[in-house]
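The following paragraphs lead a new reader through one protein model, from its overall make-up to a few chosen regions. The sequence and the structure are shown first.

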Amino acid sequence: MSYQALYRKYRPTDFSSVKGQEHIVTTLMNQIRGDRIGHAYLFCGTRGTGKTTVAKIFARAVNCENPGPEGPCGECAMCRAIEQQASMNVVEIDAASNNRVDDIRQVIDEVQYSPAEGRYKVYIIDEVHMLSVSAFNALLKTLEEPPSYLIFILATTEAHKIPLTILSRCQRYDFRRIGVETIAERLRELLDRENIEAEERALAYIARQADGALRDGLSLLEQCISFYFGQKLTYENVLKVLGAVDNTVYHELMEALVHNKVEHVVEIVARIVEQGKDLTQFVNEFVWYLRNLLVVKTTDEVGQLVDMSAENLGELERYAEEIELDMIFRYIRVLSTLANEMKYGNNKRVMLEVAMIRLCRPQMEQDYESLVNRLHNLEQVNEELQEAMASGSFTVAAENAGGSSAAAVPMQKKEIRPEAVPDDVKDVVANWKQIRNRVSPVTRTMLDEVRLSVSDSGMLILAFSQATTAEYFRKEDHQEEIIGAAAQLTGKEIQLDVRFVESRRERNTLPELRNMIKNVEIEILD
């Protein structure tokens, strides 16, 4: 006998062999036992989840001469004839290639004749959503008033394309994506039958790549064992065959992104390209890695939610402490958009490198998540500055702030006495927290990185290290929002001097008034 693919060779022959669809199998078995069989069924679900397989088992079960608790016996004349596709009682139709109204009219003509043997004539129409509107209309009358011996099983991956008039006449069953553990167990069972050794880690990875489709998992498994024929299937071998990347690379990439090391990120991308990995798959797997990081960041019980070794999980926990939640959301958003664009892009490497640089340079974007990312970068620089001051060195690494090299920055602050600060500025600075609470959420967020100082002319200086933030507050309506909140709280109207302070040296020359002026009690004026 010629070679058969694994998914054909081990296709389930009874209900007990169907994996991951117990809610459907139990219902169909109860209908057969209770002789409450419907005339029209709609099997919906993603590819490779068992729609056609269950339809064939059901077709044999309703015609079986000796049905058992697990479905068809597989030994009677009817079961053997249907299995060998020699029975006229079960007809399979591919609606993708037989979607015209004439094809359906031919079916309608055939169903007028009762089966010569067996109880039911079963028509399995696969990819039924491909039928034309006229074909659906032709089928409608037969679905509404079918002969007692007739059963239609309609299978589709896109149930939303089925007309409501058809849906209302069918019993609908939604096939779920099959779990990773269930797929891995099935792969192990089949490999034991084939006498092939494989690491559990390798099977778990294949099961994850199957994305809920058991048939896809079997196809990937067959690809791997064919490449390493006669050898034990290891995790590393699976990664090589499927063009995947080990978690250590994602850890390394995450480390570079968190610390904004652009050169290192580009180097990692170059390494992935040289190894011949599929860049689209690389992006999708990194998004899944970020999903795991998000789970670790937001939940305490991650054992059942993250399928990962203890060592890799420890790395995720370390990054979860270093990175803000909004940064993870931003990474996932940017990379998910990239994955969709790469499907139609010609130069995927350039697209990936640009996206990675964007992740390292949040100042290239102006949304809230990017702002959080920029604040994270500023906090990193501040920590380095404090460490440098503690060690007696006054050198600030400018790389993490977006510069290209380290620059020696002398810490020279402009001296100013508290009594030299005008009273209206003092009152505003002393109650700055309450003033921020009175402005809009967007303005409040944009004020997170502000440095408050005073000009020689007595104006309140709002100093920002990012040009986009400074431009935001140079607009008159945004200034009026702050001035109005301050006037409402303190009863005094101030003037603002908004500055973009690009160099750290210039920023450090501006005294931070909040460090000099303590909060005072101000009567709120409403």
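**A guided reading of the model**

The secondary structure of this protein comprises 24 helices and 10 strands. The model is a predicted one. Of the 526 residues in the protein, 49% are buried. The surface that the protein exposes amounts to about 26800 Å², and carbon and sulfur atoms supply 47% of that area. If one takes the contacts between residues at least 6 apart in sequence, 73% of them join residues at least 24 apart.

The sheet is a convenient place to begin. Three strands, in the order β8-β9-β10, form an open sheet with mixed pairing. Why is one side of β8 and of β10 left without a neighbour in the sheet? Both strands stand at the edges and each has a single partner strand, so one side of each has no neighbour there. On average, and with direction ignored, neighbouring strands of this sheet are turned by 30° against each other.

The mixed pairing can be followed strand by strand. Strands β8 (451-454) and β9 (460-464) run antiparallel and are joined by four bridges. Within this pair, valine 454 stands opposite leucine 460 in β9. The two strands form a hairpin with five residues between them, and glycine 458 in the turn has a positive phi of about 90°. On its other side, β9 pairs with β10 in the parallel sense over five bridges; β10 spans residues 496-500. Here alanine 463 has arginine 499, in β10, as its bridge partner.

What surrounds the sheet may be considered next. Both faces of β8 are covered: Arg451 and Ser453 are buried on one side, and Leu452 and Val454 are buried on the other. Helix α22, residues 467-474, lies across β9 and β10 and runs at about 155° to β10. Helix α19, residues 423-430, has as its buried residues Val425, Asp427, Val428, Val429 and Ala430. The cover over these buried residues includes the strands β8 and β9 as well as the helices α20 (432-436) and α23 (476-490).

A pair of helices elsewhere in the chain offers a view of helix packing. Helix α9 (residues 200-209) packs against helix α10 (residues 214-227) at an angle of about 135°, and their axes are 8 Å apart. The two helices are therefore oblique to each other, and their crossing is right-handed. Which residues meet where these helices pack? From α9 come Leu203, Ile206 and Gln209, and they meet Gly217, Leu220, Leu221 and Cys224 in α10. A general rule helps in reading such lists: an α-helix has 3.6 residues a turn, so residues three or four places apart point the same way.

The last stop is a single residue, valine 249, which belongs to helix α12 (residues 247-258). Is valine 249 buried or exposed? Its relative accessible area is 13%, and a residue counts as buried under 20%, so valine 249 is buried. Leaving aside residues up to four places away in sequence, valine 249 touches Ile268, Ile272 and Phe282. Valine 249 and isoleucine 268 are 19 residues apart along the chain, and their C-alpha atoms are separated by 7.9 Å.

Notes. Residues numbered from 1 in each chain as written. Predicted model: local features only at pLDDT ≥ 70, side-chain atom pairs only at ≥ 80, totals over all residues. Heavy atoms only, no water. Buried < 20%, exposed > 50% of the residue type's maximum accessible area, 1.4 Å probe, protein only. Contact = heavy atoms within 4.5 Å. Areas by Shrake-Rupley, 256 points an atom, 1.4 Å probe, with all protein chains shown as cover. Pairing = 2+ DSSP bridges. Axes fitted to C-alpha atoms, helices over the stretch in contact; angles between N-to-C directions. Parallel < 35°, antiparallel > 145°, perpendicular 65-115°, else oblique. Left-handed = near helix turned anticlockwise from the far one by under 90°.
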